[in-house]
Structures are given as structure tokens and as C-alpha cells.
Amino acid sequence: MLTPRGWWLLSLSALATLIGATWAAWWSGTVPLLGLSLLAWLLVEWVVFAYRFRASADRLRVDRVLLQGGRTVPAVWAGGTFTVRVTVTLCGTARLPFVHLADRPPPDLAPVDGSHAAAFDLRPGEPVVIEYQLRAESPGVVRFEGVQVRVADVAGLFYRRLFVRQPVEFLVLPPLTNDQGKHRGTKRFNTLPPPGVHRLRRPGSGNELLDLRDYQPGDPPKMIAWKPSAKRDTLITKEIENEVPVRSVIFLDASNGARVGPPGRAPVVRAAEVAAALAQAAGANRDLVGLTVFDETTADVTAPARTRTHVIQLLRKLGEAAARLPDPGHTDPDLLARYAHPVAQQLYPDLTAREVNSLPFGLYWLPIADSRWLWLVLALFCFPMVLIRPEAIEFVARAANTFSGPDWDWLARIVLVLAIVLFFPALAGLIWFLHGVRGLLPPRSVRTARRKQLAALYAALDASGPGAVERHLYDDESFADRTTRFLLDHRVRLPLVLHDEDGRYRFRSERKVQVLANAIVRSVARARDNELYVILADLTELADELRPLVQAAQVARARHHQVLVLLPWPADVPPPPDRRAGKRVRDGSMKSLRIGNLVKSVLVSRYHRAYAELRTVLAKAGATVVRVEDGDPVRLVLDRLDRIRGTRVRR
Amino acid sequence: MSTADAPWPAAHMAWLRDPVARNYLFVGMASLLVAAAVLVFRHGNLLAALPVVIAVLGLLLRSPVIPGLYVVVLCLAAVPLPSWLGTTVYSDVPYSHFRVMDLVLVGATLSYLACQYRLLSLTLQGMPPDAPAGQRRRGDKPPKRPGATVPPEETGRMFAVIAVCVVVGQVVWLVASELRLDFRDALPLRLAPPAASRLRYNPAEPLNRFLMLAGLTAVVTLPTALAFWYWRLTRLGPGEARMVLLDTTWREARRELNRQEKWRAWGLSRRRPKPAKKPRPLPEERPEPTGPRRSFVEALTLTCGMLFVGGLVAFVAVIILVRFLGKP
């Protein structure tokens with residue numbers, strides 16, 4: 001509670017009082033008077049501060065709203081700025097004259113304007129406001145953990161910190177696209193078909209006249225065209241155009257591998273942006289759009305529809321998918337604890353305080369029984385048992401005789417004999433002590449303290465009891481899993497190790513291919529007419545494991561559906577060379593041959609090869625593979641939808 | 001107008017623009033003036049005002065070290081010079097209660113310290129940095145107390161608190177110096193005025209004062225701390241209460257749980273497949289030595305030398321063992 005300033009003043013006051021009352025008071029009473037008055041002042045300040053803190057500090061109410069376009073919104077749009085307004089109201093009874101309130105902004109977003117922290121004089125019932133602006137560049141989720149409250153007295157002698165936890169997440173929806181720029185530009189029909197359906201030049205039950213033909217028995221009388229019949233003196237029947245819906249299903253890859261990338265530029269984010277534009281453009285064309293978000297284990301299916309609510313729902317799902325952080329798959333508990341402990345201390349100061357999350361001395365001691373040194377210690381302890389042999393006794397006697405002086409009395413000789421006999425047990429004790437005391441020394445003690453506090457915090461959050469504390473202390477795997485989950489829950493990005501010791505890519509996510517194939521087959525089974533399947537997936541690293549996907553694409557093609565694969569291209573990989581361009585243009589950076597450039601060029605060429613192989617494999621199955629960055633993928637998809645209609649026309 | 005363009009005060013004195021900071025500066029200066037007057041009057045020497053000079057510098061420079069230094073120097077200066085030289089046999093303790101000079105000096109000192117610390121809080125640092133030293137980001141400054149939030153009646157309250165503290169200090173000193181502990185009596189406290197001269201000095205007086213002060217501190221501090229502790233217990237949140245129970249249970253059952261979890265973790269680690277050992281690289285795959293290759297003669301000389309030195313050490317060790325342990 002005391003600040004360094006307060007500790008200094010308290011120490012000096014206590015020293016002045018002590019010396020003044022015991023030594024200097026023989027000559028002068030001023031020194032102890034000064035010390036006592038200072039102590040009294042400190043006591044009064046402490047009582048006032050403690051009363052104010054206890055009466056008010058934990059009775060803070062925090063209200064948070066997000067404003068965009070001048071009004072309160074439940075979710076914000078990507079690509080624009082929004083305002084965060086935090087209102088803090090003191091519901092206690094005492095005034096807090098010096099409070100520093102700091103809202104914890106999401107780590108991925110940089111403040112545009114305003115400050116998220118300020119100092120106030122908080123009075124009961126008088127709210128204070130913190131307002132600042134953030135900009136969300138990409139879809140996802142913004143998570144606000146709460147408000148950090150730091151309370152001090154006016155002289156800066158006492159200080160307390162707490163955190164008003166109010167975790168809340170707001171979706172950042174993909175930006176609304178300009179419909180005019182995305183949907184089909186050429187208007188082919190003068191009459192607008194009903195929403196969700198398109199004209200097909202086959203007889204059906206639409207509204208537009210397709211053709212006239214001779215009457216056949218069984219035709220409904222209402223379809224008879226009376227005027228042409230009167231002209232030709234024979235019955236003529238009207239044929240009406242058919243009307244069919246064109247549906248498309250978007251498959252979005254949200255697997256662990258697709259989440260790897262810089263904040264806001266991961267493949268899943270780019271894919272979500274494209275999918276959002278597709279959904280809105282198709283919706284503007286009155287087409288039905290479905291969405292399947294898949295990862296390594298599951299596929300979340302949203303059936304095709306075309307309503308405005310459905311589009312918003314799709315945007316929400318896309319925002320949630322883009323918000324997923326990659327699981328780094330770290331197994332080193334110390335590395336994870338180094339990242340998690342500051343977060344825990346900042347967000348859970350009440351649960352990591354030593355008063356409630358204790359660190360007993362025995363926690364640090366390293367028991368010898370956990371080590372193989374135990375056998376050595378036991379052997380050394382038992383070593384005096386060799387004295388049952390007469391040769392050993394003789395050896396000890398000779399050694400004592402050698403090291404003792406001629407004028408030694410019997411007591412000194414007995415002590416010498418005991419020293420020789422107990423030398424090995426003493427050595428065992430020394431080993432035991434040195435082994436145990438190592439746990440008390442840094443950095444091991446720091447690691448132990450950090451891990452115990454985190455383990456207790458996890459056990460308290462999960463309500464899993466004291467057994468979980470010990471489990472997290474000794475089971476590295478369990479601790480690493482829980483710590484990773486803790487960090488991902490609080491949206492803390494961990495450093496990623498992309499390749500393992502053997503140089504293999506760690507985020508291949510092979511199982512997602514099977515999940516994707518199953519999802520495609522499921523969609524084919526539920527399809528009504530010719531549909532377009534748009535796969536937004538990062539498949540480049542999996543070119544040699546695409547057999548299930550190829551089979552699923554063949555099934556779709558056999559049912560006259562179209563399959564289009566859009567690959568989100570990594571931001572730091574240059575586009576593949578154009579084969580039609582012929583001669584390769586040499587990059588200037590290749591001139592300086594350094595190990596970093598060399599590794600990068602090897603990785604890039606390997607990625608290009610994998611992309612070419614992927615195109616070949618999927619082209620054989622009838623699927624088209626396009627990079628997202630190649631032209632306008634939304635227009636491509638819309639053209640493909642038109643082609644589906646055209647196919648029907650020709651049939 | 002930016003701070004750099006301001007004609008007066010200069011950029012490094014920009015804190016003087018805050019009226020509240022100016023107020024505390026002037027009040028602190030006035031307090032120091034009073035303290036200086038008392039010290040000069042008491043000692044009859046201008047040098048006695050040295051602590052005040054230090055404190056004035058502290059106020060102007062806003063140094064957090066100066067208040068402590070001022071207290072130390074003032075304590076040294078409070079003892080009269082003959083006392084340092086050991087030439088006096090008289091003590092002023094019997095007459096030190098409610099002396100006007102002491103009241104004014106202590107009051108002025110407290111007033112200066114309060115002003116100095118509030119000034120530091122307003123202009124330099126109001127509370128300690130939040131992050132540990134190694135984790136602070138560049139540009140992170142500790143928060144300062146905004147002057148606009150200071151109510152006008154704060155200075156008056158400060159003087160009231162200081163007056164109370166000065167009186168409390170006098171009363172405590174009166175109790176500590178005039179009462180004597182004697183546990184042989186039914187009532188262990190009795191009046192015993194302190195000695196005014198060395199002839200009547202009781203060597204138990206310092207110990208008596210120390211015990212009295214320790215007892216008074218315990219009597220005042222412990223119940224207050226207990227009251228706040230109990231208040232805190234009554235206001236524990238659900239999370240904190242759960243953590244207290246969890247921690248208590250964990251400490252009680254730690255030994256048993258520890259054993260079970262260790263065995264479990266060991267079992268898991270044994271069941272986990274061990275990574276395959278990497279094959280030993282072929283001779284042509286082994287990395288080349290980084291240093292220059294030695295010639296055959298150099299290698300032969302080095303090997304023979306090492307063998308010779310090792311053999312010599314072993315020979316000496318054997319001789320020593322035989323010499324000392326081989327005696328009949």
C-alpha cells in the first residue's frame with residue numbers, strides 16, 4: 001500500500017522517533033517530537049486513505065458504449081473509426097480525490113484520437129467519462145476487458161490498484177460494399193423477376209411469355225392464346241418462361257493454418273472480407289447465398305437464403321471467423337507463463353495478490369525424493385554400515401591414527417573418528433541441502449511463483465478445486481493447454497514458430513481437407529438446382545493431400561455444379577510468375593545473396609510450386625483455382641453465376 | 001501557444017502556470033520561512049537555517065529526495081551544538097512539552113512536507129508506475145494529479161490535519177516521557193518526570209520510552225489495522241472469497257495432492273512417445289572443424305604432453321596415499 005515515497009518517509013520518521021526517544025532525548029526533545037508528529041501525520045493519512053478505498057474503490061460501476069456514425073451500435077463496421085465511451089460512476093460513500101482510470105483497449109487496435117486513461121477526482125454519484133476513438137481495419141472481434149483503477153492519496157504516499165472486470169466483446173463486421181460496383185453491370189431483362197429467381201428460357205410457371213405453340217390435349221384452357229388462335233383458326237397455347245433460383249455456397253477456411261499471419265492480414269481475414277463482399281453482391285442480385293465455416297474438426301453450416309437478416313447473420317459469422325486467433329501449439333510452460341503472468345496480474349490483481357494467492361516457503365524447496373540424486377544420498381547415508389566389516393574398522397582406525405597428532409587426548413581422537421565415520425552422511429546432507437535450496441534461487445524461484453499463481457488463478461476461474469492447482473504445477477501439458485486458452489480468451493497474440501525442428505510447416509491442418517470435402521458433399525446432397533460452390537481456403541501447403549477434396553469436387557461437377565477455389569495469398573509472398581510472359585524477370589534483391597534472402601527465395605519458390613501443383617490437381621477435377629488478389633474475385637463469382645444460368649439456357 | 005513559445009515562465013518552469021501548484025509552492029515557502037526563523041532564533045546562528053536552504057531547493061527543483069534529506073538534517077540541527085561536543089550535563093526533556101518553539105517548528109516542517117509531496121504529486125509523479133521496471137514502454141509516464149480537480153478547501157484541511165498531528169505528537173511525547181513502566185506495581189504505569197541533569201539520570205529511561213512508544217504504537221495501529229482487515233473480509237467479492245478458500249484448502253492438502261500429481265505427471269511423461277533419436281551423421285556429413293587443422297607433429301606433442309601430465313598427477317596422488325595411509 002505504501003509507495004516508495006511513503007516507505008522513505010515512514011522509515012525516516014520511525015528512525016527519528018527511535019533515536020530521538022532513546023539517544024537524542026537526553027539533550028533535546030525536539031527530535032522525538034518531530035518523529036512522533038510525522039508518524040501521527042502518516043497514520044492519519046493512512047486511515048483516511050484506507051477508509052476511502054474500502055468505502056468506495058470497489059463500488060465502481062462501469063458503463064461502456066460504442067458509437068459509430070453518431071449513434072450507439074452493438075457492432076461496428078471494419079474500415080472505419082468508432083468511439084468508445086466509458087462512464088465510471090462511484091457508488092460508494094467516500095470521495096476519492098486522486099483516481100487514475102485507464103480503459104484497456106484491444107491490443108490490435110491503435111487509438112486514433114483521445115486518450116483511454118485520465119486522472120479524476122471521483123465523487124459519489126458523479127459519473128466521469130473517458131472517450132477515445134479507435135479504428136478497426138479488418139473484421140473480427142474487439143474485446144474490452146474492463147477498467148484499471150489506480151487510487152492514491154493526494155501526497156502520493158499510499159497507493160492501491162484494482163481492476164474492474166467487465167469483459168465484453170463487440171463484433172467488427174466486414175465493411176459494407178458498394179452494391180453498384182459489385183453486382184452485374186449489364187441489365188439483360190427489362191422485367192425484374194421476383195426476388196431470388198432468374199429467368200430460364202424453358203417452359204415453366206413464370207410470368208414472362210416464352211413461346212406459342214399448337215394446342216395439345218390436356219393443356220389448361222386458361223393458357224390458350226385467344227387472339228393468335230382466332231387469327232390462325234386453330235388453338236394456340238402460350239408457353240411461359242420458367243423461373244429458377246441460383247444459389248451459391250461459400251466455404252470459408254477458419255482452420256488454425258489460415259489464422260496465421262500478421263494482425264488483420266491473416267488469410268482467414270482476407271477470405272472473410274471477400275466472402276462478405278460476395279454475400280452482399282449476390283444478395284444485391286437477389287441470389288441465395290449460404291455459408292459454411294470449417295476448421296480441422298467441425299463445419300458450421302448456414303443454409304442459403306437471401307433476406308437482409310440473413311446477410312447480417314452471414315456478416316456476423318464471418319466476423320467471428322475472422323476473429324479467431326491461431327493456436328500457437330506451444331508446449332513450453334515457462335514461455336507461456338512469461339506471457340500469461342503479466343496479463344493475469346493486470347486483469348486479476350485481486351486474485352493474484354499474495355494475501356489470497358499465497359506462496360509458502362515449502363513451495364520453493366526441491367525435494368531430493370523427486371530426483372535421481374536420492375539414490376546417491378541414500379547410499380552415502382548408509383555408507384557407515386560398512387563398519388560391520390573388520391577391514392573397514394581397521395581402515396578407519398589407521399586413518400585416524402595417521403591424521404591425529406601424538407599429543408591428542410582421547411576426546412579429540414574420538415571426534416576425529418566420528419568425523420571420518422560421519423563424513424559421507426554429512427556429504428549426503430550437503431547434497432540434500434544444495435539440491436533443495438536451488439529452488440529458492442532465481443530464476444527457478446521466479447518460475448515457480450509465477451506458475452503457482454497462474455495455477456491457482458485457473459483453478460479459481462474453472463472452479464476445479466485444489467487438485468487442479470497441483471496438476472497445473474506438475475503437469476506441463478495441462479498447464480500449457482490452459483495457459484494457451486487463457487491467453488487466447490484474452491486475445492493475447494503469442495509468437496508463432498512456423499516450422500518444427502525438421503523444417504516442416506507446423507500449421508498444415510491436414511484434417512480440414514476431409515471436413516471440407518464432407519461439407520461439399522453435404523451441400524451437393526441438399527442442392528436443388530445447379531449451384532456454385534466458392535471455396536475460400538488456404539490449401540497451398542496441402543497440394544499432396546487433396547484426394548478427398550478432389551473426389552468431392554468431382555461429385556459436385558457430376559451433378560452439374562460449379563466449383564471455384566479462391567486462395568487467399570500471403571501478404572509477404574510475391575505473386576507467381578506469369579508463364580505466358582516467357583522470360584523471367586530477375587529481382588534486384590537476388591544480387592545480394594544473404595542467408596535470409598536465400599531462405600526466403602527458397603520458401604517462395606516452394607510456395608509457387610505448391611500453388612501450381614494445386615491448380616493442376618483441382619483443374620483435373622473440374623474446379624477453377626484463382627488467387628484472391630488476381631483481379632476482382634467478386635465479379636468473377638458473379639460472372640460464374642451468370643454462366644450457370646447460361647448453361648441452363650443452352651440446355 | 002505552445003509551451004516552448006511561452007515567454008514566462010520558461011519551458012522547464014511551465015508547472016508554475018498551474019495555480020494549485022503555485023499555491024502549494026508559496027505555502028511551502030512560507031512554512032520554510034517560519035522554520036528558518038525558529039531555527040535561527042533558537043541557535044542564534046544563521047548556519048542553523050541550512051536545512052531550510054536545502055528544502056527551498058527541493059521545492060524549486062521538485063526533487064523527491066530532498067524531503068528526506070531535510071528531515072535528516074533538521075534532526076541533526078535540532079540537537080544543540082554543546083550536546084554534540086559533550087560539554088553539557090543538562091537535558092531539556094523535562095521542559096520539552098508544548099513548547100511554542102517546538103510546536104511552530106514541527107508544524108512548519110509538517111506543512112512543508114505536505115506541500116512538497118502534494119507539489120510532487122501535481123507536477124512530477126502522482127503514483128508509482130504500474131509496470132515493473134523491465135516491462136515499461138518507452139514514453140510511459142507515471143500519472144500526475146490534475147490541478148483542475150483540486151478543491152479550494154484542500155489547503156485548509158491540510159492545515160487542520162497538521163495541527164491535530166502536532167498536538168497528538170506532543171501528547172504522545174508527554175505520555176512517553178512522563179510515565180514510567182513498572183510491572184511490579186499493581187498499576188504498571190506511574191508518573192516519573194525525566195531527569196534534568198546527568199546526576200539524577202536513570203539509565204532505564206531510554207528503554208522505558210522505547211517500550212512506551214512501542215506499546216502506544218501497538219495500541220493504536222493494531223486495532224485500526226484489525227478493523228480495516230475485518231472490513232475487507234466483509235467486503236470480499238465472490239472471486240476473492242473463492243480464491244481464499246481454494247488457497248486454504250490447497251495449503252492443507254498440498255502434500256497429498258503433490259504426491260498424486262507428481263506420480264500422474266511422471267506416468268504421463270513415460271507413456272508419451274519419445275522422439276526418435278536422430279541417426280548419427282555420416283563422416284562426410286559431419287561439420288568441418290572451425291579452426292585450422294593441426295599438423296601431425298603438433299597433435300602428437302599435445303597428446304603426449306597431456307598423457308605425461310595426467311600420469312604425473314596420478315603418480316603423485318598414489319604416492320601421497322601410500323605415504324599417509326600405508327603406515328602400520
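**Close-ups of chains A and B**

**View 1. A six-stranded open sheet in chain A.** Six strands of chain A line up in the order 16-15-14-17-18-19 to make an open sheet, and their pairing is mixed. This is a predicted model, so keep that in mind for every view here. At the two edges sit strand 16 (299-305) and strand 19 (624-627) of chain A, each of which pairs on one side only. On average, neighbouring strands of this sheet are turned by 15° against each other, direction ignored.

**View 2. Strands 14 and 15 of chain A, with a helix across them.** Here we zoom in on part of that sheet. Strand 14 (residues 247-253) and strand 15 (residues 288-294) of chain A run parallel and are joined by seven bridges. To pick out one partner, start at Val249(A): its bridge partner in strand 15 of chain A is Gly290(A). Helix 6 (residues 308-322) of chain A lies across strand 14, strand 15 and strand 16 of chain A. Its direction is about 20° to strand 15 of chain A.

**View 3. Where chain B touches chain A.** On this contact, 77 residues of chain B meet 67 residues of chain A. On the chain B side, the elements giving two or more residues are helix 3 (66-78), helix 5 (100-123), helix 6 (154-178), helix 7 (205-234), helix 8 and helix 9 of chain B. Helix 8 of chain B gives the most, with 18 residues. Sorted by class, the side of chain B that touches chain A has 43 nonpolar, 18 polar and 16 charged residues.

**View 4. Helices 2 and 3 of chain B, packed together.** Helix 2 (residues 50-61) and helix 3 of chain B pack at an angle of about 175°, and their axes are 9 Å apart. Angles over 145 degrees count as roughly antiparallel, and these two helices of chain B are therefore roughly antiparallel to each other. From helix 2 of chain B, the residues in this contact include Leu50(B), Ile54(B) and Leu57(B). Among those they meet in helix 3 of chain B are Ile66(B), Tyr70(B) and Val73(B). By class, the contact of helix 2 with helix 3 of chain B has 12 nonpolar, one polar and no charged residues.

**View 5. Pro279(B) in its loop.** Look for Pro279(B) in the loop between helix 8 (238-271) and helix 9 (296-325) of chain B. Pro279(B) counts as exposed because it has 7 C-beta neighbours inside 10 Å, and the cut-off for exposed is 12 or fewer. Pro223(B) is 56 residues from Pro279(B) in sequence, and the two are 71 Å apart in space, C-alpha to C-alpha.

Note on methods. Residues numbered from 1 in each chain as written. Chains lettered and ligands numbered in written order. Predicted model: local features only at pLDDT ≥ 70, side-chain atom pairs only at ≥ 80, totals over all residues. Pairing = 2+ DSSP bridges. Helix = DSSP H or I, 4+ residues; strand = E, 2+ residues; numbered from the N terminus. Axes fitted to C-alpha atoms, helices over the stretch in contact; angles between N-to-C directions. Contact = placed C-beta atoms within 7 Å. Buried ≥ 20, exposed ≤ 12 C-beta atoms within 10 Å, placed from the backbone. Nonpolar A, V, L, I, M, F, W, Y, C, P; charged D, E, K, R; others polar. Parallel < 35°, antiparallel > 145°, perpendicular 65-115°, else oblique.
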